[in-house]
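Please open the model in your viewer and keep the selection panel at hand, since this tour goes from one selection to the next and says at each stop what can be found there.

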Amino acid sequence: MAEVVHTPRVFSGIQPSGGLTLGNYLGALKRFGETQDRGDMPTIYCIVDMHAITVWQDPEKLNRATRELTAGFIASGIDPTKSILFNQSAVPGHAQLGWIFNCVARLGWMQRMTQFKDKAGKNSENVSLGLFAYPALMAADILVYHATHVPVGEDQKQHVELTRDIAIKFNNDYGVEFFPVPEPVIEGAATRVMSLRDGTKKMSKSDPSDMSRINLTDDADAIAKKIKKAKTDPEPLPETLEGLEGRPEARNLVNIYAALSGKTAAEVVAEYAGQQFGTFKPALADLAVDRLSPISTEMSRLMQDPAEIDRILAHGAEQANAIAEPIVRRAYQIVGMVGA
Ligand code: ATP
Ligand code: MG
């Protein structure tokens, strides 16, 4: 069979499962904007509300978080006239293809997913079936647009790899070359921003401790306080990056500084070599406030007009559906389901 070449296309999503964090900004949003602005591939960005409800969400809060996340995308540089921006539940193809992929993915593949283990913890008998099946829906999110490039943080690498396995298995099972095998794109100085309280844990919007993260809606005082209280060690900053080995909290703050300033971690270490955290933390706080406050100001401005946000989402959903619908129809035909 001739090798099918798929047109490059970018897809990525964020869950409206809480307020946006600095981790989401550096690992995802900032890079989404840069990818859009390079302009070499069409970009599709999604508020993945169907993923958010794998853990119970207060309905009113979910509504608000969906609009706030849309505002966060736009305030971070996603331009709805350049990228397609919409929410997942508004495009039926995600759920439709998600079901097919539930039947392609193997139980054993799902059981290896570290995110499920982390999120289910000791409670794995009592979490939703949706939380377990999440990676198959994520594969559908990507493949329903035949996306080829998926910019994500380091924590999502395993899910994109599973998406590749699902695409390959579908193509093999049905003897087609229908789905592309997408690439995770994980780049930059802060692809895994860690919790400010525990340098071995990822910063997350759903972490119960607000002190563990910087929210994009935090004001200057809150940002300064959280950075000041961030866990560190008593040593000064080293001369070189090797000196940060075994010092996860120090490494995290250096990475954040690097990503916010556009420098490499090595340059940041060289600049602050021998300095104490008493000097480095206020510099980091100033930098974070400088970079984040225009975003939070713009988010609150946009949130004053929820009807406009809804219009943007509806328009994005229409554009997304126009791509997804024929792909789902073709997938149904390939599988042999009548009525597509
Ligand atoms: P939740 O705790 O509900 O899972 P989250 O903060 O992990 O929320 P997601 O919506 O799951 O956010 O992820 C959205 C994007 O942000 C993904 O591309 C993910 O890789 C990226 N991301 C999330 N947390 C971080 C982090 N700490 N550092 C870098 N990237 C991150
Ligand atoms: Mg997550």
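Helices here are DSSP runs of H or I with at least four residues, numbered from the N terminus, and the last stop of this tour, Arg-330, is found in one of them, helix H13, which covers residues 306-335. Please bear in mind throughout that this is a predicted model.

**The ligand**

Begin by selecting ligand 1 together with the residues around it, of which there are 22, with Lys-119, Asp-155, Lys-202, Lys-205 and Ser-206 coming nearest. Three of these side chains deserve to be labelled one after another. In the side chain of Lys-119, an N or O atom is 2.6 Å from an oxygen atom of ligand 1. For the side chain of Asp-155, the distance between an N or O atom and an oxygen atom of the ligand is again given as 2.6 Å, and for an N or O atom in the side chain of Lys-202 the corresponding value to a ligand oxygen is 2.6 Å. If a surface is now switched on, the protein can be seen to bury 97% of the 600 Å² that ligand 1 exposes when taken alone.

Next, hide the ligand and look at the space that it takes, which is the largest pocket. Which helix gives the most to the shell around ligand 1? Colouring by secondary structure points to H1, which supplies four residues. Strand E1 (10-14) and helix H1 (22-38) are each the source of at least two residues of that shell.

**Ser-195**

Select Ser-195 next, in the loop that runs between strand E5 (183-185) and helix H9 (220-229). Is this serine buried or exposed? Its relative accessible area is 3%, so Ser-195 counts as buried, the cut-off for that class being under 20%. Showing the polar atoms, one finds a polar atom of the Ser-195 side chain 3.2 Å from the backbone nitrogen of Asp-198. When residues up to four places away in sequence are set aside, Ser-195 touches Lys-201, Lys-202, Met-203, Ser-212 and Asn-252; one of these, Lys-202, also belongs to the residues that come nearest to ligand 1.

**His-146**

Move on to His-146, in the loop between helix H7 (129-143) and strand E4 (149-151), and check its backbone angles. His-146 has a positive phi of about 50° although it is not a glycine. This merits a second look because most residues other than glycine have a negative phi. With a relative accessibility of 13%, His-146 is counted as buried, and its side chain reaches the backbone oxygen of Phe-178 at 3.1 Å. Beyond its neighbours within four places in sequence, His-146 is in contact with residues that include His-6, Thr-7, Arg-9 and Ile-327, as well as with Phe-178, Phe-179 and Pro-180.

**Gly-93 and Ala-52**

Now select Gly-93, which belongs to helix H4 (residues 93-104) and is buried, with a relative accessible area of 3%. Apart from neighbours within four places in sequence, the contacts of Gly-93 are with Gly-98, Val-144 and Val-328. A distance drawn from the C-alpha atom of Gly-93 to that of Ala-28, 65 residues apart along the chain, comes to 24 Å.

Ala-52, the following selection, lies in helix H2 (residues 49-52) and counts as buried at 1% relative accessibility. Where residues up to four places away in sequence are left out, Ala-52 touches Gln-15, Pro-16, Ser-17, Gln-57 and Leu-62. Between Ala-52 and Gln-15, which are 37 residues apart along the chain, the C-alpha separation is 5.4 Å.

**Pro-234 and Arg-330**

Turn then to Pro-234, in the loop between H9 and helix H10 (248-261). Is Pro-234 buried or exposed? The relative accessible area of Pro-234 is 73%, and this residue is therefore exposed. From its C-alpha atom to that of Asp-165, 69 residues apart along the chain, the distance is 45 Å.

Finish at Arg-330 in helix H13, which is partly exposed, with a relative accessible area of 39%. Asn-126 makes a useful last partner for a distance line, for Arg-330 and Asn-126 are 204 residues apart in sequence and 36 Å apart in space, C-alpha to C-alpha.

Definitions and conventions: Residues numbered from 1 in each chain as written. Chains lettered and ligands numbered in written order. Predicted model: local features only at pLDDT ≥ 70, side-chain atom pairs only at ≥ 80, totals over all residues. Heavy atoms only, no water. Buried < 20%, exposed > 50% of the residue type's maximum accessible area, 1.4 Å probe, protein only. Polar contact = N/O pair within 3.5 Å; in protein donor to acceptor, adjacent residues only side chain to side chain. Contact = heavy atoms within 4.5 Å. Near = heavy atom within 4 Å. Areas by Shrake-Rupley, 256 points an atom, 1.4 Å probe, with all protein chains shown as cover. 1 Å grid on protein atoms, 1.4 Å probe; cavity = no way out; pocket = protein on both sides within 12 Å on 5 of 7 lines; lining within 4 Å. Sits in = over half its atoms within 2 Å of the grid points.
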